[in-house]
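Welcome, and please open the model in your viewer. We will go from stop to stop, selecting a few residues each time and looking at what is there.

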Amino acid sequence: MFGTARKKCPATLRVFVRPRVTHRFTQEILSHPKVEVGGKYVGFIRGTKRSERLDERHEAMERLELHVVDYIDDGPRADRTPTFHRGDTEFQTQEFRRLEKRYPEIEHLGSWHSHHPNQLRNLSSGDIEGYRDTVNAQGHNHDFFFASLGTDSRGFASARHFLFVRGDRHYYELAGENLIVAEGPPGTTGPPGGAVAVPDPATQGPVPLSVPGWTDSPQGQERLARDRDLIAKYSGLRHVVRSDRIAVTGQVVWAGRVPVTLHVLYPSSAHTTDGLLKVTVVGSQTLEVSLTGDRSGDLAFALKAVESIAQCAADIHHQTQHRSPGPPARGGQSGPRP
């Protein structure tokens, strides 16, 4: 594409990939020699996930660690030909939401697909445009997108790997030093049959709520105490700490019947505004809203936002069913319930 160039990744960037992933990658290609195949990478990020400026994202790349623990396969309604590949988005989204409920810190890290039927070794212009659109989307939870291209029947062994960065017209190719195939740390689950196997945070023990910029300041301590009182009213919510950032994550029930997944990432300190609010309603119609800025790390605001977002999802569902939406519930019945 015009204005696009491939560059090398910083030598210090690391992408850790489990052997299970490389094996599945290769077997998928060998099992389908005549059509392109692929999947959605899932795993965890160590480092800065979101930055306001491109130069800050470039600095974050140098310390970035992506941990690819598995991938979600194409799904039953994937469209695959010798020259085209598109996964079953609805299936993949549902699978990711199931994982997210159990492992709230899990991320969609990127995707892979193959060119092995034609053995083209380069990303197509459509691939590049699609990956750039994804990493720039407001709903994408971090600033990076890891993409792999299988080029022949050797599978992962001969694949090429790339990183796309939010707001960057360039994209970056990983060298051998950037990619490490290794098992995860001790205390992780094994693959239960054909399901996605990811680290179980419960096996790592509780993480104390002690984060510089929050628990060491009067303003932060007051805010945390207020939020603990809010969380106590909702059995599905909990505080977590990952990579020195505090978050509230879990599920609330809107109008007594609609489960809503909520993830509130606190700002890096009580005096900054780099938080993230993510609200997801999954049903016959999936609605996901992400927000950055001043109110994004405000738990009280997030709980109020749940009502509007869930009502919007309900309206969309009614419209697709060709029915008029009913009147809004009154007397507090439309709000999230403990």
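## First stop: helix 3

Select helix 3 and colour its buried residues, which are Gln92, Phe96, Arg97, Leu99 and Glu100. Look down the axis of helix 3: those residues fall within an arc of 165 degrees, so they line one face of the helix. On the other side of helix 3 you will find Lys101 and Arg102, both exposed. Keep in mind during the tour that this is a predicted model.

Now show what the buried residues of helix 3 pack against: strand 3, strand 4, strand 7, strand 14 (258–265), strand 15 (276–281) and strand 16 (287–292). Helix 3 itself covers residues 89–102, and its 14 residues reach 20 Å from the first C-alpha to the last, close to the 20 Å expected at 1.5 Å a residue.

## Zoom out for a moment

Show the whole protein chain as a cartoon. How many helices and strands does the chain have? There are six helices and 17 strands. Of the 338 residues in the chain, 46% are buried. Among contacts between residues at least 6 apart in sequence, 66% join residues at least 24 apart.

## Second stop: Tyr71 and Trp112

The structure holds nine aromatic pairs. To see one of them, select Tyr71 and Trp112: their ring centres are 5.5 Å apart and their planes stand at 75 degrees, so the pair is edge-to-face. Tyr71 belongs to strand 4 (residues 65–73) and Trp112 to strand 7 (residues 107–114), so this pair ties together parts that are 41 residues apart in sequence.

Are these two residues buried or exposed? Tyr71 counts as buried, at 1% relative accessibility, and Trp112 is buried too, with a relative accessible area of 1%. Add Arg24 to the selection: its charged end sits over the ring of Tyr71, 4.0 Å from the ring centre.

For another group of rings, select Tyr131, Phe145, Phe162, Phe164 and Tyr171, which ring pairs link into a cluster.

## Third stop: His67

Stay with strand 4 and select His67, which is also placed there. His67 has a relative accessible area of 19%; the cut-off for buried is under 20%, so His67 counts as buried. Its side chain makes a polar contact of 2.9 Å with the side chain of Glu65. Leaving aside neighbours within four places in sequence, show the residues in contact with His67: Phe16, Val42, Gly43, Phe44, Arg46 and Leu109.

## Fourth stop: Arg53 and helix 2

Next, select Arg53, in the loop between strand 3 (38–46) and helix 2. At 46% relative accessibility, Arg53 counts as partly exposed. Which side chains does Arg53 meet in polar contacts? One is that of Asp55, at 3.0 Å, and another is that of Glu56, at 3.1 Å. You can also draw a line from Arg53 to Gly167: they are 114 residues apart in sequence, yet their C-alpha atoms are 8.6 Å apart in space.

Move on to helix 2 (residues 54–63), where His58 is found. His58 is partly exposed, with a relative accessible area of 29%. Setting aside residues up to four places away in sequence, His58 touches Asp168 and Tyr172. With Asp168, the side chain of His58 forms a polar contact of 2.8 Å.

Now colour Arg57, Ala60 and Met61, which are buried in helix 2. Seen down the helix axis, the buried residues of helix 2 fall within an arc of 110 degrees, so they line one face. What covers them includes strand 8 (144–150), strand 9 (160–165) and strand 10 (171–173).

## Last stop: helix 5

Finish by selecting helix 5 (residues 218–231), whose 14 residues should span 20 Å at 1.5 Å a residue; the end C-alpha atoms are 20 Å apart, which agrees. Which residues of helix 5 are buried? They are Gly220, Arg223, Leu224, Asp227, Leu230 and Ile231. These residues cover an arc of only 115 degrees around the axis, which puts them on the same side of helix 5. An α-helix has 3.6 residues a turn, so residues three or four places apart point the same way.

Rotate to the face of helix 5 turned away from its buried side, and you will see the exposed residues Pro218, Glu222 and Asp229.

Terms used: Residues numbered from 1 in each chain as written. Predicted model: local features only at pLDDT ≥ 70, side-chain atom pairs only at ≥ 80, totals over all residues. Heavy atoms only, no water. Phe/Tyr/Trp six-rings, centres within 6.5 Å; stacked < 30°, edge-to-face > 60°. Helix = DSSP H or I, 4+ residues; strand = E, 2+ residues; numbered from the N terminus. Buried < 20%, exposed > 50% of the residue type's maximum accessible area, 1.4 Å probe, protein only. Lys NZ or Arg CZ within 6 Å of the ring centre and 35° of its normal. Expected span 1.5 Å × (residues − 1). Arc of directions from axis to C-beta. Contact = heavy atoms within 4.5 Å. Polar contact = N/O pair within 3.5 Å; in protein donor to acceptor, adjacent residues only side chain to side chain.
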